[in-house]
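Work through the exercises below with the sequence and the coordinates open. Each task is followed by a solution in steps.

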Amino acid sequence: RAWRRRSCRHPRQSRRTMPDVRNMLAAATQQLGERLDAELLLLHVVQKSRSWLLTHADDVLDPDARTAYASLIERRANGEPVAYITGQRGFWSLDLEVTPATLIPRPETELLVELALQRLPDDVACGVADLGTGSGAIALAIANERPYAQVIATDASADALAVARRNAQHHAIGNVAFVQGDWLAPLAGQQFDLIVSNPPYIEAEDPHLAQGDLRFEPASALASGPDGLDDIRRIVHDAHAHLRAGGWLLFEHGWNQGDASRALLREAGYAEVFTACDLEQRDRVSGGRLG
């Protein structure tokens, strides 16, 4: 009977010593220094929504889930971005697949989508090009909001385009096409009402490239020459021949590149040149209209 009593108590005692969801999150938050990442990674493991945390704080996860969670926390502690760990990132109204072949979509880029939509009719056919589409975030957001638009998205990376195509299929967005090539090169002879881009714009020697999440993202999608403007110069120059009369070019850039971006647009003959600020009041998107 003594053996039986011990054997009966042992599973219950072991379970009580296992950390529940509340304590697992607390330990992960302490390790990462951030609660949100700890929550996102746990929800990825259990495949639940955030509301699950409110009613399951006392739950004890099974051993496989605890092991999986510990592994993900370790990867994040080593600097790997949450979006690459989970393979997902929300952008605009879409949940998108992301991989190390694509830049991670960021909230500030939604300003570019917002400004593009302001310049596109919602009930008339029009043509849009998205240059360097990556995961397809900008192209898909625009195409989803403007079903009469025909969007073509380019990228030099075949791996990135594969991700973008899967995102389009997942969301059943049919008014977008993807073509491989460098910026406007695969669009010879085509003209558009709007061209948008989130090109690389970080200075090649910027120390931030060796820090944080940027270490894991494709370098070709981040840096662009000594002043970060090499690709923007090319886009501003080449887009001129691909815009219909009255068409717009809009592109994202760094917080300190608004003056230079407007100068490039004016030198190339664009009218109504402007720069818009993001929510933190930093220069973020510049554009101009073909007269």
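The buried residues of α3 pack against α2 (21-32), α4 (51-55), α5 (63-77) and α6 (82-86). The model is a predicted one, in which local features need pLDDT of at least 70 and side-chain atom pairs count only at pLDDT 80 or more, while totals for chains, interfaces and linings use all residues. Residues are numbered from 1 along each chain as its sequence is written, and side-chain values use heavy atoms, with hydrogens and water left out.

**Exercise 1. Helix α3**

Task: Compare the span of helix α3 with the expected one, and list the buried residues of α3.

Solution. Step 1: Helices (H or I, at least four residues) and strands (E, at least two) are DSSP runs, numbered from the N terminus. Helix α3 covers residues 35-46, which is 12 residues.

Step 2: The expected span is 1.5 Å times one less than the number of residues. For α3 the distance from the first C-alpha to the last is 17 Å, close to the expected 16 Å.

Step 3: A residue is buried under 20% relative accessible area, exposed over 50%, and partly exposed in between (1.4 Å probe, protein chains only). In α3 the buried set is D37, A38, E39, L41, L42, L43 and V46.

Step 4: E39 counts as buried because its relative accessibility is 10%. Contact means heavy atoms within 4.5 Å. Not counting residues up to four places away in sequence, E39 touches L25, R50 and L53.

Step 5: After α3 comes Q47, with a positive phi near 55 degrees.

**Exercise 2. Two crossing helices**

Task: Describe how helices α7 and α8 cross, and classify the residues in their contact.

Solution. Step 1: Two packed helices are described by the angle between their axes and the distance between the axes. Axes are lines fitted to C-alpha atoms, for helices over the stretch in contact, and angles run from 0 to 180 degrees between N-to-C directions.

Step 2: The axes of α7 (residues 110-118) and α8 (residues 137-145) come within 10 Å and cross at roughly 35 degrees.

Step 3: A crossing is left-handed if the near helix is turned anticlockwise from the far one by less than a right angle, and right-handed if clockwise. The crossing of α7 and α8 is right-handed.

Step 4: L112, V113, A116 and L117 of α7 meet I138, A141, I142 and E145 of α8. Ala, Val, Leu, Ile, Met, Phe, Trp, Tyr, Cys and Pro count as nonpolar, Asp, Glu, Lys and Arg as charged, and the others, Gly among them, as polar. By class, the contact has 7 nonpolar, no polar and 1 charged residues.

**Exercise 3. The sheet**

Task: Give the strand order of the open sheet, then follow the pairing through β6.

Solution. Step 1: The sheet has 7 strands in the order β5-β4-β3-β6-β7-β9-β8, with mixed pairing. Two strands pair if DSSP finds at least two bridges between them.

Step 2: β5 (176-180) and β8 (270-277) are at the edges; each has a single partner strand, so one side of each lacks a neighbour in the sheet. From one strand to the next the twist averages 15 degrees.

Step 3: β3 (residues 126-131) and β6 (residues 192-197) pair in the parallel sense over 4 bridges. A129 stands opposite I195 in β6.

Step 4: β6 and β7 also pair in the parallel sense, over 5 bridges. The bridge partner of I195 in β7 is L249. Strand β7 (residues 243-252) is largely enclosed by the rest of the structure, because 7 of its 10 residues are buried.

**Exercise 4. Loop residues**

Task: State where W92, A172 and I202 lie.

Solution. Step 1: W92 is in the loop between β1 (88-91) and β2 (94-97). W92 is not a glycine, yet has a positive phi of about 55 degrees. W92 counts as partly exposed because its relative accessibility is 30%.

Step 2: A172 lies in the loop between α9 and β5. Phi of A172 is positive, near 55 degrees. With a relative accessible area of 69%, A172 is exposed.

Step 3: I202 is in the loop between β6 and α10 (230-239). At 17% relative accessibility, I202 counts as buried. I202 and A172 are 30 residues apart in sequence and 34 Å apart in space, C-alpha to C-alpha.
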